[in-house]
Amino acid sequence: MSLDVRLTPFGATHLAGFAALAEDPDVRRFTRFPDPPEPGFPVAWLARYDEGRRDGTREAFAVEDPADGAFLGLALAVAIDAEAGEAELGYTVAPAARGRGVATAAVAELTRWAFEERGLERLTLLIEVANVASTRVAERCGYALEGVRRNAYVKPGRRADTAVYARLRGDGDAGR
Ligand SMILES: CC(C)(COP(=O)(O)OP(=O)(O)OC[C@H]1O[C@@H](n2cnc3c(N)ncnc32)[C@H](O)[C@@H]1OP(=O)(O)O)[C@@H](O)C(=O)NCCC(=O)NCCS
């Protein structure tokens, strides 16, 4: 049986958990979190996602433990193109919550939301080739490897070989 997680629209109550994520070296290395984090960046980030939620171009969810509401991580639609029917998704799990299926459960639910609630056709994950745990999450959630963008731009000061994984609306269920 898969783990139960809850996706809740990201808001001000999640800012402390969000800021703590930025202290993790893997988050700094493998995501677009600023490295080092600039002062005040969680509030600026929340404002950017609030704006994206209003115009339909982004969405951010806090991943919570349904038993006690504990903040476990983030599940994101970092860029939604409604006209094209496409989105890029992303995710991060707090270090203490890793290794027990939280990301897999969160990405499965985020994928369901994107297809069923946003009506999208194609979802993309961009994952550094070296990030083996994240590529496992993609595969378990039914995403297929389409290729590798070599030495691609990640964020200021960082480029990396980056795998492109995608899942289409018509693809079968996760192969797990
Ligand atoms: C990647 C990440 C989201 C995974 O979260 P998680 O909740 O631990 O993931 P899950 O428990 O659902 O699954 C992890 C899978 O990777 C595997 N795994 C974990 N660490 C691994 C490692 N170092 N090498 C190989 N496989 C690894 C686990 O065995 C599991 O695979 P399985 O289900 O086949 O056993 C988490 O490590 C993280 O937040 N990392 C930093 C931020 C990040 O990389 N985000 C993704 C950017 S694309």
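**Entry 1: the pocket**

I began with the largest pocket and looked up where its lining comes from: α2 (25-30), α3 (41-55), β3, β4, α4, β5, α5 and β6 (144-155) each supply at least two residues. This is a predicted model, and I read every value with that in mind. I noted that β4 provides the largest share of the lining of the largest pocket, 6 residues. The space in the largest pocket comes to about 1100 Å³. I then looked for the residues closest to the centre of the largest pocket, and out of 42 lining residues these are Phe30, Thr31, Tyr91, Thr92 and Asn131. Sorting the lining of the largest pocket by class, I get 23 nonpolar, 9 polar and 10 charged residues.

**Entry 2: the nonpolar cores**

I turned to the largest nonpolar core, which has 32 residues. Which of its residues touch the most other members? I find Val63, Leu89, Leu123, Leu125 and Tyr143. The elements that each supply at least two residues of this core are β2 (59-64), β3 (71-81), β4 (86-93), α4 (102-117), β5 (122-128), α5 (132-140) and β7 (158-168). The most comes from α4, which gives 9 residues to this core.

I picked leucine 89 for a closer look. Setting aside neighbours within four places in sequence, I list its contacts as Leu76, Ala77, Leu110, Thr111, Leu123, Thr124, Leu125 and Tyr143. Apart from the largest core I also found another, of 17 residues, with Phe10, Leu46, Leu74 and Leu76 among them.

**Entry 3: salt bridges**

I searched the whole structure and noted 15 salt bridges. I wrote down three of the pairs in detail.

The first pair on my page is aspartate 26 with arginine 98, whose side chains meet at 4.0 Å, N to O. The two come from distant parts of the chain, 72 residues apart: aspartate 26 is in helix α2, and arginine 98 is in the loop between β4 and α4. Are these residues buried or partly exposed? Aspartate 26 counts as partly exposed, because its relative accessibility is 39%. Arginine 98, at 34%, also counts as partly exposed.

My next pair is glutamate 59 with arginine 53, meeting in a salt bridge at 2.7 Å, N to O. Glutamate 59 has a relative accessible area of 10%, so I enter this residue as buried. Arginine 53 stands at 29% relative accessibility and is therefore partly exposed.

I then took glutamate 128 and arginine 158, which form a salt bridge with their closest N and O atoms 2.7 Å apart. This pair too links distant parts of the chain, with glutamate 128 in strand β5 and arginine 158 in strand β7, 30 residues apart. Glutamate 128 counts as buried, because its relative accessibility is 6%. Arginine 158 has 23% relative accessibility and counts as partly exposed. I also noted a network: salt bridges that share partners join Glu109, Arg112, Glu116 and Glu117.

**Entry 4: cysteine 141**

Last, I looked up cysteine 141. Where is cysteine 141 found? I place cysteine 141 in the loop between α5 and β6. Its relative accessibility is 2%, so cysteine 141 counts as buried. I checked the C-alpha atoms of cysteine 141 and threonine 104 as well: they are separated by 6.5 Å, while the two residues are 37 residues apart along the chain.

Terms used. Residues are numbered from 1 along each chain as its sequence is written. This is a predicted model: local features need pLDDT of at least 70, side-chain atom pairs count only at pLDDT 80 or more; totals for chains, interfaces and linings use all residues. Side-chain values use heavy atoms; hydrogens and water are left out. A nonpolar core is a set of buried Ala, Val, Leu, Ile, Met, Phe, Trp, Tyr and Cys residues joined through side-chain atoms within 4.5 Å. Buried means under 20% relative accessible area, exposed over 50%, partly exposed in between (1.4 Å probe, protein chains only). Helices (H or I, at least four residues) and strands (E, at least two) are DSSP runs, numbered from the N terminus. Contact means heavy atoms within 4.5 Å. On a 1 Å grid over the protein atoms alone, a cavity is a set of points where a 1.4 Å probe fits but cannot get out, and a pocket is an open set with protein on both sides within 12 Å along at least five of seven lines; lining residues have an atom within 4 Å of a point. Grid points are joined across faces, edges and corners, and a volume is the space filled by probe spheres set on the points. Ala, Val, Leu, Ile, Met, Phe, Trp, Tyr, Cys and Pro count as nonpolar, Asp, Glu, Lys and Arg as charged, and the others, Gly among them, as polar.
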